[in-house]
Amino acid sequence: MQSSENNVILSFQDLNVKFTLRGQTLHAIRGVSLDVLQGESIAIVGESGSGKSVFVKCTMGLLDANGYISGGSILYNGQDLTTFRTDDDWLKIRGKEIAMVFQDPMTSLNPLKTIGKQIQEAVELHQGLKGPRAKQAVMEILSDVGIDDPVRRYKQYPHEFSGGMRQRVVIAIAVACRPRILICDEPTTALDVTIQAQILELIKAMQKKYNLTTIYITHDLGVVANVADRIAVMYAGDIVEVGSCDEVFYDPKHPYTWALLSSLPQLGVKNEPLYAIQGTPPNLFHEVRGDAFAPRNPRALKIDFLERPPMFDVSPTHKARTWLLDPRAPKVEPPEHSRSLREKGVSRRV
Amino acid sequence: MSEQRKKLVEVQDLTVKFGSKRHPFTAVDRVSFHIFQGETFGLVGESGSGKTTIGRSIIRIHPTAGGKILYGGRQINGRISRQLDQEVTQKIQMIFQDPMSSLNERAKVDYIVSEGLYSRGHHLPEKERQEKVAKALSDVGLLPEFASRFPHEFSGGQRQRIGIARALIMEPDFIIADEPISALDVSIRAQVLNLLSQLQKERGLTYLFIAHDLSVVRFICDRIAVIQKGKIVELAESEELFAHPFHPYTQALLSAIPQPDPIGERNKKLLVYDPDCHHYGPENQPSWQEVCPGHFVLASQEELERYRGQL
Ligand SMILES: Nc1ncnc2c1ncn2[C@@H]1O[C@H](COP(=O)(O)OP(=O)(O)OP(=O)(O)O)[C@@H](O)[C@H]1O
Ligand SMILES: Nc1ncnc2c1ncn2[C@@H]1O[C@H](COP(=O)(O)OP(=O)(O)OP(=O)(O)O)[C@@H](O)[C@H]1O
Ligand code: SF4
Ligand SMILES: [Mg+2]
Ligand SMILES: [Mg+2]
């Protein structure tokens, strides 16, 4: 994906985001840089609360009122999105250029409007269709995302849909806007795996057809393995590792990534506890010193507690922020998970 | 598993309908299953197939249109005594699917987590209440100081854990966990699953575990029921189900499980379920059949013979 067209469509440079909360400051994104390539599919994975949603919300001006970008830039199409101030600025981008499917479908649907109306509005606004033709398009979209009986469903309200059906509607609306970048924040967690597979195929097909760039945020590493060209791993407001899908799954370098992969239920033994990372993530109300993961890393080095590691290059496409990659570091073997993942994964049934 | 065990929850021919009298819509269609005391029973299947509705019927949020729900041998659907209602309200807790909309936005976490304690009637000394909140929060891996914050200040996964803390604080016997882990990161998920198992061992808890993540369901559940369009199509012990899925819907579902293995995913073969493949007609209607001990499937006589032949 990277080789031929290295077109950067969206570039985060040393991005910092803070929240003010009752006089205290929470440093949610701590100097993150990332280039998103035109047409690629990149997955952001990592701890809950590590800043994945906040990070992508910055591209749409959707930070909560108590949050602000305290440094860095986000370049899109020759403009720096961090300089946008008014809703007018954002209206040119939101939905049209960059669309987002949220983690929680209820927050993006209007509870007082029928499902049909809500999709139809998007279709009318972005595809220029009117009346019966717009309605026809809505029916098609509904069946595209696997909702049976679109005629009855068109007239229903969000609360009459199941969790998974609501999520499909949100995806339908986002796709109807024909954006250039589609950000999916936990797009399929509410879906059964067959519908999930269908939706992922749908997004992939859209991606090919419209040269769409997709950014996925998900905790489901199976989905990541399925959709991602590249993976960025986030921990405590920072991207600690980035690489191709295979590099991160089969040759991870950061101890947090190791720990993450070791926690997978596929590696669990029934009736025994699963591997889980000890301790809690750092309190981002305090400035983090050194490597944010060090206190939870049983094999942390002395320097981890003192100095933030730089990004080390592992390959032209693979980078990780860990002192272990420093030539002076002692050699530490990763846990065995990568090999066993591969074996267990391939031995799928049916 | 097959020895005589106490059935804590029995669902018999449960039917739940929505819509108006003139346009009824059957969301749950004559569903039957039971859950043993101390067991983790998984309910998986199609989105919109009625899983949440079943859970909500058990905790008496949805009225039932037919069938019975028994808890400890006593019927708890329909009209019941106030005392039984109170008992059920405390003993059965549900962790809700939607962490965003299920938390009261204007209340602090402290109140949200201990809300159930207030409605129980007997007054708890403030210090004890605070201790319980702190304990419940740390049980789910949240810092006790989070108690003074509001839900919108938390990430999705953090909010889901608030929902779990809120159920645990009631010290229930039976927990209906509706997608309790889907919003959680892999490590917290492992922590929560370990926590649920540990509580089960310590307190003999029973779970109805609803989830789409079949790798988790396989790991945590003793038995699994597969539901499709309001009907249970297959039920078996977890490993048995994964080893010998008979119903074509179950097979399609298992084939679609995403694996954390890029090479495997690239070579994955999806099975698609076509409801017409059964060729059911007036002569061969499906019924609930035991293919081998403990393994049930919805099948016609012809299918049943075929499935038995595959053993
Ligand atoms: N409005 C807000 N006020 C204060 N803190 C906030 C606010 N919104 C988010 N945060 C904090 O910012 C951090 C990052 O949150 P974010 O929602 O990006 O996490 P996430 O990585 O998406 O987690 P999850 O996987 O659970 O969704 C968290 O510590 C969260 O508590
Ligand atoms: N309050 C309601 N009014 C009308 N219909 C409803 C209501 N609640 C649920 N339904 C319908 O009942 C069916 C079952 O919904 P339910 O929420 O139980 O599904 P589910 O199996 O939990 O799905 P998911 O996995 O997507 O959460 C769906 O067709 C849904 O549209
Ligand atoms: S050396 Fe530092 S950066 Fe590397 S794993 Fe240890 S704590 Fe993390
Ligand atoms: Mg998030
Ligand atoms: Mg549900």
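Good morning. I begin at a contact between a charge and a ring: A:Arg152 lies over the face of B:Phe25, at 4.3 Å from the ring centre. A second arrangement of this kind is found in chain B, where B:Arg149 sits over the face of B:Phe146, with 4.9 Å to the ring centre. I should state at once that the model under discussion is predicted.

Let me turn to the sheet of chain B. Eight strands make up an open sheet with mixed pairing, and their order is 6-7-8-3-9-10-12-11. At the edges are strand 6 (92-95) and strand 11 (287-292) of chain B, each of which pairs on one side only. From one strand to the next, the twist averages 20 degrees.

Within this sheet, I would draw attention to one pairing. Strand 10 of chain B, residues 231-237, and strand 12 of chain B, residues 295-299, run in the antiparallel sense and are joined over two bridges. Here B:Glu234 stands opposite B:Val297 of strand 12 of chain B.

What lies across strand 3, strand 9 and strand 10 of chain B? The element in question is helix 9 of chain B, residues 248-255, which runs at about 105 degrees to strand 9 of chain B.

Strand 9 of chain B holds a residue that I should like to examine, B:Val226. Is B:Val226 buried or exposed? Its relative accessibility is 1%, and because buried means under 20%, B:Val226 counts as buried. Leaving aside neighbours within four places in sequence, its contacts include B:Val44, B:Ile232, B:Glu234 and B:Leu241. Also among them are B:Tyr249, B:Thr250 and B:Leu253. The glutamate just named, B:Glu234, is the residue that stands opposite B:Val297. As for distances along the backbone, the C-alpha atoms of B:Val226 and B:Ala236 are separated by 9.0 Å, the two residues being 10 apart along the chain.

I come finally to the aromatic residues. Over all chains, the count comes to 12 aromatic pairs. One of these is the pair of B:Phe246 and B:Tyr307, which is stacked, with 5.3 Å centre to centre and 25 degrees between the planes. Where in the chain do B:Phe246 and B:Tyr307 lie? B:Phe246 is in the loop between helix 8 (238-243) and helix 9 of chain B, while B:Tyr307 belongs to helix 11 (residues 301-310) of chain B. The pair thus links distant parts of the chain, 61 residues apart. Both B:Phe246 and B:Tyr307 are buried. In chain A, one aromatic cluster is formed by A:Tyr235, A:Tyr256 and A:Phe293.

Thank you for your attention.

Note on methods. Residues numbered from 1 in each chain as written. Chains lettered and ligands numbered in written order. Predicted model: local features only at pLDDT ≥ 70, side-chain atom pairs only at ≥ 80, totals over all residues. Heavy atoms only, no water. Pairing = 2+ DSSP bridges. Helix = DSSP H or I, 4+ residues; strand = E, 2+ residues; numbered from the N terminus. Axes fitted to C-alpha atoms, helices over the stretch in contact; angles between N-to-C directions. Contact = heavy atoms within 4.5 Å. Phe/Tyr/Trp six-rings, centres within 6.5 Å; stacked < 30°, edge-to-face > 60°. Buried < 20%, exposed > 50% of the residue type's maximum accessible area, 1.4 Å probe, protein only. Lys NZ or Arg CZ within 6 Å of the ring centre and 35° of its normal.
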